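Q: I am beginning to study protein structures and should like to examine one part of this model closely. Please describe one helix in detail and then set it within the rest of the chain.

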Amino acid sequence: FQSYYMLSDVNNILIYVADGLRWKDSPSSIKALGSCFKTVAASLYSPPSFATLLTGLYPQQHGVYNWRNTLSKDISRLLDINGYNCGYTDSKDQDRLFQTLRVSNSTSVANLHTTFISIERNQQTHYPYNQTGMDASYFENDWGSIVQDYQNSIESTVSAFQTRLDHLEDRGILDETLVIFTSDHGELLGEHSETLHVAPACPELAYVPTVFIHPELSESSFQVDTTSEIIEHVDIVRTALSMLDNVEMKTMGAN
């Protein structure tokens with residue numbers, strides 16, 4: 001899976017990850033911005049999936065399976081590509097995923113000069129769904145209220161993502177930037193009598209959206225059909241790099 005051709009005049013990549021956003025609740029407003037693909041997550045929770053999104057490798061290749069693991073220094077990340085200003089940021093600056101991914105400091109796209117590669121994690125769609133002060137008793141509420149809280153968090157995520165696009169447009173670099181909107185895993189909101197994520201393996205957890213956004217791209221730009229075929233997390237990194245004319249896949253340690 002990749003694009004048919006390299007994009008002209010693309011200097012930047014922004015990968016925006018809405019943590020816990022499942023495919024069945026893909027925001028229509030974001031899907032309308034580009035080419036949207038149903039995507040199989042690399043894992044049912046964050047550490048393995050984010051390690052894949054930063055390396056283009058499967059968990060059995062990059063070795064991150066849980067919170068106890070850290071990406072090896074021998075494995076190249078998107079953040080290590082020469083010639084790019086690279087940064088990772090999280091809506092929760094003290095999140096332990098920084099250690100997992102070997103990221104020392106939070107750096108948002110607003111603080112990156114062109115040419116850049118930026119990865120951003122937004123946790124508004126992650127429990128506690130953009131709210132504070134929740135505890136286990138929250139899930140004793142009626143499912144309708146929980147689902148509504150989740151939907152409200154999606155609206156907040158859409159707004160935050162639009163802010164990022166507005167920032168790029170204000171800088172005059174939106175057309176120079178390949179923007180990819182995706183998620184690391186899904187979420188259970190009462191399906192299978194379960195909540196949150198990690199288990200069981202099911203469509204609500206395994207399938208997430210991926211939207212490729214750039215004015216030169218359309219559904220015909222890709223080798224797969226958005227309406228009938230499914231991609232994987234590993235495809236996101238490899239496809240993004242295939243659209244640049246000065247980065248080879250071997251840079252990522254993937255032959």
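A: The following account takes helix α2 as its centre and then moves outward to other parts of the chain.

The model is predicted, and every value below should be read with that in mind. The chain has 255 residues, of which 53% are buried. Its secondary structure comprises 7 helices and 9 strands.

Helix α2 spans residues 46-55. How many of the residues of α2 are buried? The count is 10 of the 10, so the helix is largely enclosed by the rest of the structure. The residues concerned are S46, P47, P48, S49, F50, A51, T52, L53, L54 and T55. Here a residue is called buried when its relative accessible area is under 20%.

T55 deserves particular attention. This residue lies in helix α2, and it counts as buried because its relative accessibility is 0%. Which backbone atoms does the side chain of T55 reach? One is the backbone oxygen of A51, at 2.8 Å. Another is the backbone nitrogen of L57, at 3.1 Å. A51 is itself among the buried residues of α2. Just after the helix, G56 takes a positive phi of about 75°. To place T55 in the wider chain, one may consider Q223: the two residues are 168 apart in sequence, and their C-alpha atoms are 22 Å apart in space.

Helix α2 also has a part in covering another helix. Helix α7, residues 233-242, is mostly covered, with 9 of its 10 residues buried. These buried residues are H233, V234, D235, I236, V237, T239, A240, L241 and S242. What covers them includes α2, together with the strands β1, β2, β5, β8 and β9. The ranges of these strands include 35-40 for β2, 177-182 for β5, 207-213 for β8 and 231-232 for β9.

Strand β1, one of the elements that cover α7, runs over residues 12-18 and includes N12. Is N12 buried or exposed? Its relative accessibility is 0%, so N12 counts as buried. The side chain of N12 is joined to that of T177 by a polar contact of 3.2 Å. Beyond its neighbours within four places in sequence, N12 is in contact with T114, T115, F116, I173, E176, T177 and L178. T177 falls within the range of β5, another element that covers α7.

Two of the residues in contact with N12, T114 and T115, are joined to each other by a cis peptide bond, with omega about 5°. T115 belongs to the loop between α4, residues 97-100, and β4, residues 116-122. The loop between α4 and β4 also holds R102. R102 has a positive phi of about 60° although it is not a glycine. With a relative accessible area of 23%, R102 is partly exposed. A further cis peptide bond joins Y127 and P128, where omega is about 15°. P128 is placed in the loop between β4 and α5, the latter covering residues 143-170.

The loop between β8 and β9 contains E229. In contrast to T55, which is buried, E229 counts as partly exposed because its relative accessibility is 36%. Leaving aside neighbours within four places in sequence, E229 is in contact with K38 and V224. The C-alpha atoms of E229 and S137 are 40 Å apart, and these residues are separated by 92 places in sequence.

It remains to describe the chain as a whole. A compact globule of 255 residues would have a radius of gyration near 18 Å, and the 17 Å of this chain agrees with that. Along the principal axes, the C-alpha atoms fill a box of roughly 55 × 35 × 35 Å. Of the contacts between residues at least 6 apart in sequence, 75% join residues at least 24 apart. The accessible surface comes to about 11200 Å², and carbon and sulfur atoms account for 43% of it. The chain carries 15 positive and 32 negative charges, whose mean positions are 8 Å apart.

In brief, α2 is a helix whose residues S46 to T55 are buried, and it is among the elements that cover the buried residues of α7.

Definitions and conventions: Residues numbered from 1 in each chain as written. Predicted model: local features only at pLDDT ≥ 70, side-chain atom pairs only at ≥ 80, totals over all residues. Heavy atoms only, no water. Helix = DSSP H or I, 4+ residues; strand = E, 2+ residues; numbered from the N terminus. Buried < 20%, exposed > 50% of the residue type's maximum accessible area, 1.4 Å probe, protein only. Polar contact = N/O pair within 3.5 Å; in protein donor to acceptor, adjacent residues only side chain to side chain. Contact = heavy atoms within 4.5 Å. Rg over C-alpha atoms; globule rule 2.2 N^0.38 Å. Areas by Shrake-Rupley, 256 points an atom, 1.4 Å probe, with all protein chains shown as cover. Lys, Arg positive; Asp, Glu negative; His and termini not counted. Charge placed at Lys NZ, Arg CZ, Asp CG, Glu CD.
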